[in-house]
Amino acid sequence: MNLKKYLVRALHRLQKGPGYTYKELLVWYCDNTNTHGPKRIIKEGPKKKLIWFFLTLLFASLVFWQWGILINTYLSYNVTSSLSIGFKTMKFPAVTVCNANPFKYSEVKPLLKELDRLIEAALERILQPGNSSDSVYPPLDLELWNQMPLVLIDEHDKDNPIILDIFETNQTAMGSQTPSPFLGSGPQNARGRLCSQGSDNCTYRNFSSAAQAVTEWYILQATSILSKVPLHDRIRMGYQAEDMILACLYGAEPCNYKNFTQIYHPDHGNCYIFNWGMDEEALNSSNPGAEFGLKLILDISQQDYIPYLSSAAGARLMLHQQKSFPFLKDQGIYAMAGTETSIGVLVDELERMGYPYSDCTVNGSDVPVRNLYSQYNTSYSIQACLRSCFQNHMVESCGCGHYMFPLPEGVNYCNNEDYPGWAYCYSSLRSSIKQRQICIDSCKETCNDTQYKMTISMADWPSEASEDWIFHILSYERDMSTNVTLDRTGIIKLNIYFQEYNYRTISESAATTIVWLLSSLGGQFGFWMGGSVLCLIEFGEIIIDSLWITIINLISWCKGLKQRRARARYPDAPPTVSELVEAHTNLGFQHEAGAAGAQALPPEPGTPPPNYDSLRVQPLDTPGPDSDTDTE
């Protein structure tokens, strides 16, 4: 059985009714489909047939248009947020407390001595015009100043502002003016100048207040100095837990500084974390209310503050999850000295959907940024990622790392001696929008997060009536001395507790699901054309039948091409059956006559006898039951 006959029979077995042409197949489909419209096209008159054809085409187009909108909506992966409120026993948050001042001035003063003399002389020239630094003994070391000088800008004349370097004796002005030894009263702005090493590339940072400019300049210079100090010395120069934490009570259980975990924070020095959950199981809160929370009394020793490094006095604290690093500069709050600060806590749990609904991460393993805070064994956070990204760019661009962030392995902190141009590089990188955008695009939010909403209230503490005995007792417990060594400027009381056990869960869910998509597609198909899934199957069936007919036509075309090539090769037409019979008869008579003559003339020696078998007539192929015209 040849291939074409097999395909024809297979086509007839697949479906009954359509013939061998596309027209017959299409008519059969319109007559048998369950979709409304096609039947009317073939059964109505010419005019109605045209109307129904137009309506069917119109509604089919509407269906496909609606399907495109629905599929595009599904592939946009939108989410909806839902808020639910629950009630359960919750883990008490980790509490990080730091001093607003990172180091004791008595410990760090030898390192900052020259810097303090330089800034004092600069302030004197700002406040007392006409004074010269040449009268200072011993003479000032202006090397630090020349690396990052401060200048003042006199804007009395907007068109010709005058720039004054504080420690330059011969001043020049922008334009043709010559200023006085110091600018008098009037609108003045401070500006810091940073230049790259070995070039004239400089950048300026403007400040509206000289106080702000001096503080920022001092922090930048102190960063360079402290970056060369080993970590264990920086920890020693900070506030120790036994000196800072005077009293501790969690619920009804007493605690002390040994219940806190010490970490070094570049912004705030030694910080202490309660209930961090690194070495022990996190504590649960037994009940809501102030009496079941954490109570602390802290001594910030304000009299030992560095005068130019920190202008704020108090304690810096933050509530966060267990095993997460505290970023106090972003999320911390201040507690003021001489007050009792009560912090009521409410819990919000955020649950985001992952890919493809959002670009969040579970643990940061799929983030392309190397997390430098992993050395603390803390969990991933977007703040850690952004700072790690900036530090990595700092190392690539400047060749050293900034003091405020962890260091990659094998890299040193930037300082003025080893990296003279680091401040210019840091300032340029910090103000780069491109660098910022790269880090924002690289870092991801966490899929699950817990946020602590705080309600803060304050009152003076201790009261005037009770401060004498309270300070006596606390001084005795700390120093074992009857002398009062504490005062209102250095004491802080904290109360941290859950306001209630109700917690809010903000969770995301898919706005469109596959069930929604299928029901919407089916609804549109049924509304506009009265179809269903079975109608789609019928349409799929007619496509398969069309493919079968296409294959049959291709085989027929190939066979016809083969025959045409054979005719071109043998142009004479083949003999008919009657011609073959007549030729066979004539040949037989010729053989009989030849045989009669052969009896009179003997054959020549060596002549072979004639072969009569080659004259047999071959039977012709006749159409049989399996011919192309057979139909079932």
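**Stop 1: the β9–β10 hairpin**

Select residues 260-265, strand β9, and residues 269-274, strand β10. These two strands run antiparallel and pair over six bridges. Now look at the turn: a hairpin of three residues joins β9 to β10. For one rung of the ladder, show Tyr264 and its bridge partner in β10, Asn270. Keep in mind that this is a predicted model.

**Stop 2: Phe325**

Keep β9 on screen and add Phe325. Phe325 sits in the loop between β12 and α10, the latter spanning 328-331. Is Phe325 buried or exposed? Its relative accessibility is 7%, under the 20% cut-off, so Phe325 counts as buried. Show the residues around Phe325. Among those it touches are Ile263 and His265, and β9 covers residues 260-265. Tyr373, Tyr376 and Thr378 are also in contact with Phe325. Those contacts leave out residues up to four places away in sequence.

Next, draw a distance from Phe325 to Thr96. The two are 229 residues apart along the chain. Their C-alpha atoms are separated by 9.6 Å.

**Stop 3: strand β14 and its two partners**

Select residues 339-351, which form strand β14. How many of its 13 residues are buried? Ten are, and the strand is mostly covered.

Bring in β15, residues 448-460. β14 and β15 pair in the antiparallel sense, over 13 bridges. To see one of them, show Thr341 with its bridge partner in β15, Met458.

Then add strand β16, residues 491-510. In which sense does β16 pair with β14? The pairing is parallel and runs over twelve bridges. Ser342 in the model stands opposite Asn495 of β16.

**Stop 4: the second largest pocket**

Stay with β15 and turn to the second largest pocket. It holds about 730 Å³ of space. To find its centre, select Gln321, Ser381, Thr446, Asp449 and Thr450, the closest to that point among the 26 lining residues.

Which elements each supply at least two residues of the lining? They are β12 (315-320), α11 (382-398) and β15 (448-460). β15 gives the most, with six residues. Colour the lining by residue type to see its make-up: ten residues are nonpolar, 13 are polar and three are charged.

**Stop 5: Gln435**

Select residues 433-442, helix α13, and pick out Gln435 within it. Gln435 has a relative accessible area of 8%, so with the cut-off at 20% this residue is buried. What does Gln435 touch beyond residues up to four places away in sequence? Its contacts are Phe390, His393 and Leu429. Show α11 (382-398) again here, as Phe390 and His393 are on the contact list of Gln435.

**Stop 6: Ile166 and Val214**

Go to the loop between β4 (162-165) and β5 (188-195), where Ile166 lies. Ile166 counts as buried because its relative accessibility is 3%, under the 20% limit. Leaving aside neighbours within four places in sequence, Ile166 is in contact with Ala122, Arg125, Ile126, Trp145 and Leu150. Draw a distance to Ala121. It lies 45 residues from Ile166 along the chain, and the C-alpha atoms are separated by 9.5 Å.

Keep Leu150 displayed and select helix α7, residues 210-226, which contains Val214. Val214 is at 8% relative accessibility and so counts as buried. Which residues does Val214 touch, not counting those up to four places away in sequence? They are Ile119, Leu123 and Leu150. Leu150 is also a contact of Ile166. Check the spacing of Val214 and Ile119 too: 95 residues apart in sequence, 7.6 Å apart in space, C-alpha to C-alpha.

**Last stop: the whole protein**

Clear the selections and zoom out. Colour by secondary structure to show 17 helices and 16 strands. Colour by burial next: of the 632 residues, 40% are buried. Then switch on the surface. The accessible surface comes to about 36,600 Å², and 56% of this belongs to carbon and sulfur atoms.

Finally, consider the contacts with a separation of 6 or more. What share comes from residues 24 or more positions apart? The share is 72%.

Terms used:
Residues are numbered from 1 along each chain as its sequence is written. This is a predicted model: local features need pLDDT of at least 70, side-chain atom pairs count only at pLDDT 80 or more; totals for chains, interfaces and linings use all residues. Side-chain values use heavy atoms; hydrogens and water are left out. On a 1 Å grid over the protein atoms alone, a cavity is a set of points where a 1.4 Å probe fits but cannot get out, and a pocket is an open set with protein on both sides within 12 Å along at least five of seven lines; lining residues have an atom within 4 Å of a point. Grid points are joined across faces, edges and corners, and a volume is the space filled by probe spheres set on the points. Helices (H or I, at least four residues) and strands (E, at least two) are DSSP runs, numbered from the N terminus. Ala, Val, Leu, Ile, Met, Phe, Trp, Tyr, Cys and Pro count as nonpolar, Asp, Glu, Lys and Arg as charged, and the others, Gly among them, as polar. Buried means under 20% relative accessible area, exposed over 50%, partly exposed in between (1.4 Å probe, protein chains only). Contact means heavy atoms within 4.5 Å. Accessible areas come from the Shrake-Rupley method with a 1.4 Å probe; for residues, only the protein chains shown count as cover. Two strands pair if DSSP finds at least two bridges between them.
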